[in-house]
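Hi,

Here is the structure I said I would pass on. Have a look at it first, and then read my notes on what turned up.

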Amino acid sequence: MKAGTALSALSVVGFAAPRAARATQSSNFDSNTVRTLAHQLSQQAYQPPSQSLPAPLRNLNFDQYNSMAYRPEQALWHGENLGFEVEFFPRGYLYAPRIDMNEVVDGQSRPIAFNPDMFTFNDPALRVNDDIGFAGLRLRAPINTPGVMEEFCVFLGASYFRAVAKGQTYGLSARGFANGTGDPTGEEFALFRAFWLEKPKAGVDSVVLHALLDSPSLTGAFRFTIRPGETTVFDVQSSLYPRKAITESGIAPLTGMFYFDANDRSRVDDWRPAAHDSEGLSMWTGSGQQLWRPLRNPRDLQFSAFTDVRPHGFGLMQRKRAFTDFEDVALNYEKRPSLWIEPIGDWGAGAVDLVEIPTPNEVNDNIVSFWRPQEPLAAGREYVFTYRMYWGWDTPWPTKLARIAATRVGESTDDSHTRFFDLDFTGTPFDRLPDNPHFHLQCRASAGEIRNVVVEPVEPIHGWRSTFEFAPGDAKVAELNCVLADDNGPVSEEWVYRWTP
């Protein structure tokens with residue numbers, strides 16, 4: 001995180017020009033263009049993009065909006081054998097703001113003009129000839145089958161975007177910035193209001209996308225270098241320019257859904273074993289600790305902060321990868337990506353925050369996690385955060401520690417006020433065991449009492465299981481911590497759990 005100096009002024013042709021003239025305009029574009037524009041914009045009062053729409057598009061429902069399909073042959077770079085194509089979303093439904101789209105070729109930026117012929121319309125009444133512009137974009141590449149262009153990434157709605165790796169289906173999302181998440185006074189949602197797509201060279205396996213972030217509280221410039229594959233990787237360079245002091249900032253925010261699993265299904269009557277985009281928050285701290293926090297669907301909003309200095313990484317992870325873990329043939333939760341954030345450079349002191357919001361169903365995203373700097377973001381300064389995002393099946397780095405394969409919670413058979421916990425550990429430490437391994441569980445609780453701890457091998461999972469009871473007493477909340485150890489010390493990541501009634 002760095003404080004910057006004022007940038008030199010630059011008039012960026014095409015962003016604020018009259019609509020009628022924009023289709024033919026071009027302007028110089030380089031690595032500083034969007035940063036300069038974001039800095040200039042931060043010196044002005046916030047003005048949202050146009051949300052006015054022709055009458056036929058003002059009150060679309062979900063089905064009507066989806067019926068306006070982009071024609072694949074109209075995709076940007078279609079038929080040029082560049083390895084990537086871009087399609088655009090129409091405005092309407094939940095996506096009213098007009099988002100500017102630009103193509104960058106050989107250092108020149110040109111606006112991408114809307115044309116209704118880009119789309120098919122099941123209902124001819126939805127076709128309008130006005131220059132209504134676009135709401136967002138999707139990227140396509142031969143991610144699963146050579147020569148077959150498939151969608152693997154979408155930028156649509158506020159500053160939301162999501163991606164998949166090879167063989168996956170969409171799940172959790174990311175955002176450019178979060179402000180006030182979980183605050184009872186309400187959250188501010190920044191918007192990617194303009195994009196610049198650099199035309200890739202033939203044979204290159206990545207595509208570069210620039211985005212201008214804007215909100216009442218700040219502006220920002222983002223540069224995404226995106227490489228789809230077995231793991232889809234985003235290299236992100238972001239520069240933020242607060243218009244006002246921001247005390248509840250969220251850097252590299254992740255948003256997912258957790259409805260229920262074996263650790264939390266007390267209010268769910270459902271035939272499936274589990275339903276979630278992500279099952280846990282994984283953290284690798286600056287001091288080298290590896291932490292695992294199972295997610296919950298709480299009765300009341302829960303806010304957790306894991307303080308750290310110079311974190312190695314964090315992410316919302318989906319570890320269950322078998323169909324039988326979910327038994328859902330339609331939603332394919334076992335194929336949804338995990339998303340790991342790797343900070344590049346020194347992010348200083350702060351905390352990985354986790355917000356868990358009650359949800360009555362699996363429709364709503366109710367999990368948010370992000371990095372919150374210790375110091376507020378001051379108005380009039382530049383803050384730079386660089387990081388790498390890994391959309392894939394697991395964390396990008398191997399570990400010699402055992403990992404939590406399952407967390408199960410239920411009522412104790414001996415006492416209805418006592419909770420029974422079952423933790424399964426799997427991984428490298430169990431590959432070559434001595435004849436008489438001495439594993440034990442190191443536990444602590446901030447309130448209440450942990451008792452009747454048992455540790456035993458479980459051959460079907462090729463790992464070890466620990467069970468214990470937790471008696472909360474009069475506690476209204478308790479933080480539980482456990483780690484599996486042998487005679488030489490810990491052999492597993494640390495399990496951290498918040499218990500509430």
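**Salt bridges**

The count of salt bridges comes to 35. Keep in mind throughout that this is a predicted model. As a reminder of the background, side chains of opposite charge can pair when their charged atoms come close.

One pair to pull up is Arg138 and Glu87, which form a salt bridge with their closest N and O atoms 3.1 Å apart. This pair links distant parts of the chain: Arg138 sits in strand β7 (residues 134–141) and Glu87 in strand β3, 51 residues apart. Are these two partners buried or exposed? Arg138 counts as buried because its relative accessibility is 16%, and Glu87 is buried too, with a relative accessible area of 4%. The pair also belongs to a wider set, since a network of salt bridges links Glu85, Glu87, Arg138, Arg140 and Glu151.

Next, Arg296 and Asp264 form a salt bridge, with 3.5 Å between the closest N and O atoms. Arg296 lies in the loop between β20 (290–294) and β21 (302–309), and Asp264 in the loop between β17 (258–260) and β18 (275–276), so the pair ties together parts that are 32 residues apart in sequence. Both Arg296 and Asp264 are buried.

A third one joins the side chains of Arg403 and Asp394, at 2.7 Å from N to O. Here the two ends fall into separate classes: Arg403 is buried, with a relative accessible area of 18%, whereas Asp394 counts as partly exposed at 33% relative accessibility. The cut-off behind that is simple, as buried means under 20%.

**A buried serine**

Ser109 is worth a click as well. You will find Ser109 in strand β5 (residues 108–111), and it counts as buried because its relative accessible area is 4%. What does the side chain of Ser109 meet in a polar contact? The partner is the side chain of Trp196, at 3.4 Å. Leaving aside residues up to four places away in sequence, Ser109 touches Gln25, Ser26, Ser27, Phe29, Asn102, Glu103, Val104 and, again, Trp196.

**Backbone oddities**

Which residues have a positive phi without being glycine? Ala252 is one of them, with phi at about 50°. Ala252 is placed in strand β16 (residues 249–256) and is buried, with a relative accessible area of 2%. Asn332 is another, its phi being near 50°. Asn332 sits in the loop between β22 (313–317) and β23 (338–344), and at 19% relative accessibility Asn332 still counts as buried, because the limit is under 20%.

**On the surface**

Phe62, Tyr93 and Leu94 make up a nonpolar surface patch, with about 310 Å² of accessible area together. Within that patch, Tyr93 is in the loop between β3 (85–90) and β4 (100–105). At 30% relative accessibility, Tyr93 counts as partly exposed.

**From the record**

UniProt, in an unreviewed entry, places the feature "domain: Glucan biosynthesis periplasmic MdoG C-terminal" at residues 29–499. In the model, that span is 3% helix and 45% strand, and the C-alpha atoms at its ends lie 52 Å apart.

Cheers

Key: Residues are numbered from 1 along each chain as its sequence is written. This is a predicted model: local features need pLDDT of at least 70, side-chain atom pairs count only at pLDDT 80 or more; totals for chains, interfaces and linings use all residues. Side-chain values use heavy atoms; hydrogens and water are left out. Patches are made of residues with over 30% relative accessible area and no salt bridge: like charges are joined within 9 Å, nonpolar side chains (Val, Leu, Ile, Met, Phe, Trp, Tyr) within 5 Å. Accessible areas come from the Shrake-Rupley method with a 1.4 Å probe; for residues, only the protein chains shown count as cover. A salt bridge is a side-chain nitrogen of Lys or Arg within 4 Å of a carboxyl oxygen of Asp or Glu. Helices (H or I, at least four residues) and strands (E, at least two) are DSSP runs, numbered from the N terminus. Buried means under 20% relative accessible area, exposed over 50%, partly exposed in between (1.4 Å probe, protein chains only). UniProt positions are given in the numbering used here, feature names are shortened, and annotations may be inferred rather than shown by experiment. A polar contact is a pair of N or O atoms within 3.5 Å; within protein, one must be able to donate a hydrogen and the other to accept it, and residues adjacent in sequence count only if both atoms are side-chain atoms. Contact means heavy atoms within 4.5 Å.
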